[in-house]
Amino acid sequence: MSGRALPLLFLNLGGEMLYILDQRLRAQSIPGEKARKVMNDIITTMFNKKFMEELFKPQELYSKKALRTVYDRLAHASIMRLNQASMDKLYDLMTMAFKYQVLLCPRPKDILLVTFNHLDAIKDFIRDSPGILNQVDETFRQLIEVYGCLSAGEFQLIRQTLLLFFQDMHIRVSIFLKDKVQNSNGRFVLPISGPVPWGTEVPGLIRMYNRNGDEVKRTEFTTDGNYIPPQREGSFDLYGDRVLKLGTNMYSVSRPVETHMSGSSKNLASHAKENVAPNPIAKEELNFLARLLGGLDIKKPGGSETGFRLNLFTTDEEEEYAQAVFRLGFVIKCHVDSPGD
């Protein structure tokens with residue numbers, strides 16, 4: 001397990017959360033001033049200097065429950081409110097999008113380019129707020145300082161740590177299903193064609209060398225995929241062309257963002273249990289996070305400010321149905337936990 005995976009996990013999931021919230025704010029025609037306030041408040045909270053300092057210390061990943069708690073607080077760091085069903089859907093979309101990006105990275109180091117794509121987009125959200133931009137740029141510099149000197153082996157360990165975190169998550173997302181990059185069981189379909197990783201050659205040639213290191217023979221072979229050389233390496237600087245498109249905003253074009261859950265009561269109970277059941281193992285982590293986020297209280301509308309509810313579903317009826325499904329799962333879980341009642 002890598003002690004350097006947590007900042008990349010947090011920042012990339014946070015970037016996906018902001019993409020989704022931005023899309024839903026526009027879809028629900030939230031007034032521009034309110035929408036900007038929501039995005040600014042969440043980004044300010046997300047890039048809090050004290051929290052970033054703690055985040056970048058070498059450490060193991062937070063438990064799934066502890067990490068979910070962080071994003072619950074982030075999503076409610078402004079005047080916007082999400083109910084349980086919408087928060088569940090938001091987190092599902094975030095995690096599956098970043099899981100897919102980690103799986104598709106041509107080489108482990110490219111996870112850093114994915115992170116830079118997210119931060120580039122976040123900076124675009126707050127381009128008219130210099131103070132918040134400075135917060136994001138400071139995090140950019142920390143990423144370059146901490147990860148710029150890591151070896152390929154260390155990035156491979158980071159990638160494996162992230163994939164271990166995601167290995168049991170197989171939630172179906174309509175965008176991925178329609179693009180045929182996800183199967184009906186929630187597992188991703190990985191391509192066998194396209195650009196090869198930077199610094200490698202297109203497969204199809206075997207070279208043989210003698211003991212002196214001189215090439216003595218070449219043999220060609222055919223491959224099942226259609227591979228091409230990479231055009232160039234993406235920029236790892238504060239500004240530049242990342243080349244890699246993973247981590248950019250896939251909601252910038254209007255597309256549905258539905259998630260699909262199994263209809264079995266067993267899975268419903270399991271989903272509910274993950275979100276609401278007490279987890280003694282995570283208790284200390286949660287206490288620590290509460291201390292870190294202590295100064296980042298959830299904002300309540302005051303004065304002339306009026307709060308509003310954001311719906312992650314296409315219609316209120318769909319949200320109400322999802323909320324009913326969650327309650328059903330919770331009832332089943334309680335019955336399983338207390339069969340004598």
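Y19 is buried (under 20% relative accessible area, with over 50% exposed and anything in between partly exposed; 1.4 Å probe, protein chains only), at a relative accessible area of 0%. The model is predicted: local features need pLDDT of at least 70, side-chain atom pairs count only at pLDDT 80 or more, and totals for chains, interfaces and linings use all residues. Residues are numbered from 1 along each chain as its sequence is written, and side-chain values use heavy atoms, leaving out hydrogens and water.

## Overall make-up

The protein chain has 12 helices and eight strands. Both are DSSP runs, numbered from the N terminus: H or I over at least four residues for helices, E over at least two for strands. Of the 341 residues in the chain, 47% are buried. Take the contacts (heavy atoms within 4.5 Å) between residues at least 6 apart in sequence: 78% of these join residues at least 24 apart.

## Aromatic pairs

The structure holds 11 aromatic pairs. A pair is two rings of Phe, Tyr or Trp (its six-membered ring) with centres within 6.5 Å; planes under 30 degrees apart are stacked, over 60 edge-to-face, and the rest tilted.

Y19 is paired edge-to-face with F125. Their centres are 6.4 Å apart, with 70° between the planes. Y19 sits in helix α1 and F125 in helix α6 (residues 110-125), so this pair ties together parts 106 residues apart in sequence. Is F125 buried or partly exposed? At 23% relative accessibility, F125 is partly exposed. Its partner Y19 is buried.

Y100 and F176 form a tilted pair, because their planes stand at 50° with the ring centres 5.1 Å apart. Y100 belongs to helix α5 (residues 84-104) and F176 to helix α9 (residues 174-178), so the parts tied together are 76 residues apart in sequence. Y100 is buried at 12% relative accessibility. F176 is buried too, at 3%.

F10, F51, Y71 and Y91 join in one aromatic cluster.

## Packing around helix α1

Helix α1 spans residues 6-27. What does α1 pack against? Three partners are set out below. Axes are lines fitted to C-alpha atoms, for helices over the stretch in contact; angles run from 0 to 180 degrees between N-to-C directions. A crossing is left-handed if the near helix is turned anticlockwise from the far one by less than a right angle, right-handed if clockwise.

| Partner of α1 | Angle | Axis distance | Crossing |
|---|---|---|---|
| α5 | about 125° | 9 Å | right-handed |
| α8 (residues 152-166) | about 60° | 10 Å | right-handed |
| α7 (residues 130-147) | roughly 145° | within 12 Å | left-handed |

Angles under 35 degrees are roughly parallel, over 145 roughly antiparallel, 65 to 115 roughly perpendicular, and the rest oblique. α1 and α5 are therefore oblique to each other. α1 and α8 are therefore oblique as well.

Start with α5. On the α1 side of this contact are L8, L9, N12, L13, E16, M17, I20 and L21. From α5 come L90, L93, M94, T95, A97, F98 and Q101. The residues divide into 11 nonpolar, three polar and one charged. Ala, Val, Leu, Ile, Met, Phe, Trp, Tyr, Cys and Pro count as nonpolar; Asp, Glu, Lys and Arg as charged; the others, Gly among them, as polar.

The contact with α8 brings L8, L9 and L13 of α1 to I158, L162, F165 and F166. Seven residues here are nonpolar, none polar and none charged.

Against α7, α1 places P7, L8 and L11. They meet T139, L143 and Y147. Five of these residues are nonpolar, one is polar and none is charged. L8 is thus listed in the contacts with α5, α8 and α7.

## A buried threonine in α8

T161 lies in helix α8. Its relative accessibility is 1%, so T161 counts as buried. Leaving aside residues up to four places away in sequence, T161 touches M1, S2, A5 and L61.

## Positive phi in two loops

S29 is not a glycine, yet its phi is positive, at about 55°. S29 lies in the loop between α1 and α2 (32-46). This residue is exposed, with a relative accessible area of 60%.

V243, also not a glycine, has a positive phi of about 65°. The loop holding V243 runs between β6 (227-228) and β7 (259-260). Is V243 buried or exposed? At 19% relative accessibility, V243 counts as buried.
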